[in-house]
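This report describes selected features of the structure shown below. Each section takes up one part of it.

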Amino acid sequence: MFIMKITYNWLKEYCDFGLTRKELAETLTSAGMVVAGMRATPDGDYILEIEITSNRPDCLGVIGIAREVAALTRSPLKLPPLEHATGKKTVEVKVAVEEPELCPRYTARVIYGVKIGTSPLWLQERLEAVGLRPINNVVDITNYVLMEWSQPLHAFDLDKLTGEEIIVRRAMAGERIETIDGTKCDLNPEVLVIADAARPVALAGVMGGKDTEVHEGTCNILLESAKFKPATVRRTAKRFGLKTESSYRFERGVDMEGVELASRRATALILQLAGGEAAKDSIDVGMKWNKKVVSLRLPRLNVILGTSLKEEAVGDILGRLAFEIKEKKEDRLEVGVPSFRGDVTEEIDLVEEVARIYGYNNIPTNTSLSIQVNPKSRQELVEERVRGLLAGWGFFEAITYSIVESNEVSRIGLFSGGEPLRIRNPLRVGEDCLRQTLLGNLLKAKRLNQDHGTPRVKLYELSKVYLPVEGQKLPIEKTCLGLLYEEGLSLVKEQTAKEAFYTVKGIIEGLLSALGIKGNIHWEAVENPFLDSAHSCKARLEGEPLAILGEAAEGIVRAYDLRSVPCLAEIDFDLLVEKADLTSTFRKLPLYPAIDRDIAIVVDEGVTWAQIESCVRGAGLEFLEKIEFFDLYRGKQVPPGKKSIAFRIHFRAPDRTLRKEEADSARGIIINELTKKLGAVVRQ
Amino acid sequence: MKQALLELREKALQELKSALEKRSAEELEHFRVKYLGRKGLLSEYLSKLPTLSPEERPAIGKLVNEIKGELTGGFEEAKASLERPKVVAPLTDISLPGCLPSIGRSHPLVQTIQDIKDIFARMGFQVVSGPEVELEYFNFESLNIPPDHPSRDDFDTFYISDDVLLRSQTSTVQIRVMQKQKAPIRIIAPGKVFRPDTVDARHSFMFHQIEGLMVEEGVNFGHLKGVLHIFAQTYFGPDTRMRFRPSFFPFTEPSAEVEISCTLCKGHGCSVCGGSGWIEILGAGMVHPNVFKAVGYDPEQYTGFAFGMGVERIAMLKYGIDDIRLFFENDVRFLSQF
Ligand SMILES: [Zn+2]
């Protein structure tokens, strides 16, 4: 988007449109040229700031906008006079275009005996109004015509050119040029230059050289007006960091015919304001412009727009935009495209032009759609379910940046560890890594909340981490679920970190259960320097890494300056989606009651619940339905190095009510097994 | 007689109540003597029983005994109550705040995406996603933005390598879907996009877009207007007006910038809409034939439209949020508002 500044009175010179300023702004805006601002000048004019989209370089000049206004309001267009007197002298300079592909047209006019001075006030005011600085009359006129015709011009001091020669060529390696703004450019053959017999004197389409610029003592000038290949100008401008009014227009394509018209207009103005005498001939090298003809099928137009426009209406709109209807064949118009509409090259471009002038808001709105139903994807269903659960469990969802700085903590996660992808052009030095874990950012968010007066938070993020793959251009984008959990500050009771660890483990188990994941989960110890070794672990689901969880290690707590110790977890969400079973199947409710028996045993510290559970299951009891852990106790009545574990066992038979004696005997068998295998002592 | 007994009961209960209210042991004793004493009123009635007819006798006798029981009970209770020191029973203070396990929320951007998805899903649009780290081809070439094309200036982009970048628009998903799937197509693709914009209250280098695409034989600009109208009126309210103006995107033609009547001032002009009464909410257009060609669709057979909107912008409008950075700070004082 380019903001083009023009003034109301200037525009009015070329099109007598009979609209108030406000109406003008509305009309232009509704045709796609958004008037973003309007303000008064000291001399009673108004500056309009118009957003011009990058496909309309013709509207980067007052005349281009005048053409639009004329088309929109059916008012006549009044182009400025182009005629000028000529003298007896001829152009002595020879012009050679060595790269016609890169410079399709090059024109030059010579004006002898100009008097360089300041421009008249009206000219200075107009330039200042549109944001240009007045310099001297000749340079100001080239800028004025640029703003008028959207055609960049350049005036050389003729006497500074060596050898009466202009060559449009590729620069040679080792050549240099200092441009008007003082930039020193080292050139190479990729750069198109304007050269005289000795050296480059301008970067084609971008900026002239300092040596040959027009100055106070200039007497004779050579006025260049040309068309250069957009990509060439773009590359040169980019290479030297010289984005100019000229380069911007050349990059988007200037009007093949406008090259000559603008040259004549500028010459006429120079003669008028700086005196001198124009050479009687002029130079024009390059291709002749041929009017492009594009076919427009009316039925096609109406299919795309959903309209029923007739030939007359379409022809009228195109005519107003200076398109020429060359031929009408049945439902088809052969449309000649004016030279200044380089953006129109195919049928769809004409469709858009018709729609634009007809008015998008006049196209009938159609809400009749065929019925199409798509079920929600697994991904969506799982996401919704998990988000619902986490909200219910008190978690707020965070969204953090995918681009992070590289630091130690970036290795905390389930999948981090390898070299991250890096951005070549980061906004801030050092902040260039695509994250491989969500946990670093959650810790930062925790810190921010701590600073903002919320000492305890429960946060989660459900987002991607980016894992580069050797030999592949694109990384694996893995969706992970990151959790940061702390029990809220309560006046009644404060949960210890150890309990937080079990709560987070419970959350993971709860998610698996809510998602119907029945596969085998294996919890194992984990070596992670960022997690407290006593309270951290890793989970595998059917052998695949599923989650890492643990209390933040002391180092992390210090590094982030946290005043409480959060429990962290990172879960492979893609794996959850893959394994989720969201169908529910009804199981008949049991007909007969269960009998419960509680058992409390004292075992060595080293004995795990997993061992106890498997020992119970291994006892081969027919009616064992469920084992439920309910208490872990150390302290009074339990010898040091031991712990007391209590659990409840449910027995049930499918076809009858169990007798008490059966449950008691089963309990006895279990206790026997526990004593034998784990050295358990029963607490009565 | 029955009537007289009932009246006596009524009177006795009142006297008992009054004695209790005054916490007067004296009155209570007086009550006992008057009604329950050996020479009390009830005894008097009992002594009259033999004078009644045999038919009447059992019923009246029963009634007297019932009343006697009731009054004796009341008296005992009142006596006990008078003997206890007066204490105020613990009262439930119903003005104390309720007790609820703390609950969290989805992120406001996620909620916004969800709301928008729901509306389009009802019109048959399927939710899809695509990679955030993308090949340049999907971000540019296939979307009718050739290398060195000046319109690339409109899309500043983070690069990983020469041909790998962080997508600067979700339009990439259009191409990926059409490469795999045949028409008809109705998709909606929410996701993150990245542009090297310096962060301020209005800009973020990472933000969210929702891309929509519908391709079907006979789909036209009128349908584009229709679908977006339905969306705007469902999301922003039934009074919402919408207008389209020409714009330019390389991958759609005709292209449109879509505005809705300001949600705050209803079109009268305010600071949110810059006084114009209108707010830009999305870009849209008919899929460019070159895009169809890039994915092997016949542009003569199929037409389609695409649209894209910035989620942050819409959420900011909907909730009146004035700083885009709040979305990514994750301050729970902010997150808990939605
Ligand atoms: Zn407003």
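## The open sheet of chain B

How many bridges join strand 5 of chain B to strand 9 of chain B? In this predicted model, strand 5 (residues 206-216) and strand 9 (residues 303-310) of chain B run antiparallel and are joined by eight bridges. Within this pairing, B:I210 has B:M309 of strand 9 as its bridge partner. Helix 11 (residues 347-358) of chain A packs on the sheet, where it touches strand 6 and strand 7 of chain B. The direction of helix 11 makes about 30° with that of strand 7 of chain B.

The sheet is open and consists of seven strands of chain B in the order 1-4-5-9-8-7-6, with mixed pairing. Strand 1 (126-127) and strand 6 (242-249) of chain B stand at the edges; each has a single partner strand, so one side of each is left without a neighbour in the sheet.

## The zinc site

Four cysteine SG atoms serve as the protein donors of the zinc ion: those of B:C262, B:C265, B:C270 and B:C273, at 2.2 to 2.3 Å from the ion. The angles among the four donor atoms are 103 to 113°, and the site is tetrahedral. Along the sequence, the donor residues follow the spacing C-x2-C-x4-C-x2-C.

Both B:C262 and B:C273 lie in the loop between strand 7 (252-261) and strand 8 (278-287) of chain B, so the pair ties together parts that are 11 residues apart in sequence. B:C262 and B:C273 are both buried.

## Helix 1 of chain B

B:K17 is placed in helix 1 (residues 2-22) of chain B. Its relative accessibility is 53%, and exposed residues are those over 50%, so B:K17 counts as exposed. B:K17 and B:L28 are 11 residues apart along the chain, and their C-alpha atoms are separated by 9.4 Å.

## Strand 10 of chain A and its partners

In the regular case, side chains of a strand alternate between the two faces of the sheet. From strand 10 (residues 192-195) of chain A, A:L192 and A:I194 point one way, while A:V193 and A:A195 point the other way. These four residues are all buried.

Strand 10 pairs with strand 7 (residues 165-170) of chain A, running antiparallel to it and joined by four bridges. Here A:I167 stands opposite A:A195. Strand 10 also pairs in the antiparallel sense with strand 11 (residues 200-203) of chain A, over three bridges. The bridge partner of A:I194 in strand 11 is A:A202, and a hairpin of four residues joins strand 10 to strand 11.

## Domains and the four-stranded sheet of chain A

The domain assignment divides chain A into domain 1 (2-73), domain 2 (94-286), domain 3 (294-361), domain 4 (378-579) and domain 5 (595-682). The C-alpha centres of domain 3 and domain 4 of chain A are 57 Å apart.

Four strands of chain A form an open, antiparallel sheet in the order 29-30-28-31. Its edge strands are strand 29 (624-633) and strand 31 (681-682), each of which pairs on one side only. Strand 28 (residues 595-604) and strand 30 (residues 642-651) of chain A are paired over 10 bridges, and A:D604 has A:K642 of strand 30 as its bridge partner. Helix 18 (residues 660-678) of chain A packs on the sheet, touching strand 28, strand 30 and strand 31, and makes about 15° with the direction of strand 28. Helix 17 (residues 609-617) of chain A lies across strand 28, strand 29 and strand 30, running at about 150° to strand 29.

Definitions and conventions: Residues are numbered from 1 along each chain as its sequence is written. Chains are lettered from A and ligands numbered from 1 in the order in which they are written. This is a predicted model: local features need pLDDT of at least 70, side-chain atom pairs count only at pLDDT 80 or more; totals for chains, interfaces and linings use all residues. Side-chain values use heavy atoms; hydrogens and water are left out. Donors are N, O and S atoms within 2.8 Å of the metal (3.2 Å for Na, K and Ca); water is not among the atoms, so sites may look incomplete. Four donors count as tetrahedral if all angles lie between 85 and 135 degrees; four count as square planar and six as octahedral if opposite donors are over 155 degrees apart and all others between 65 and 115; anything else is irregular. Helices (H or I, at least four residues) and strands (E, at least two) are DSSP runs, numbered from the N terminus. Buried means under 20% relative accessible area, exposed over 50%, partly exposed in between (1.4 Å probe, protein chains only). Two strands pair if DSSP finds at least two bridges between them. Contact means heavy atoms within 4.5 Å. Axes are lines fitted to C-alpha atoms, for helices over the stretch in contact, and angles run from 0 to 180 degrees between N-to-C directions. Domain bounds come from an automatic or database domain assignment.
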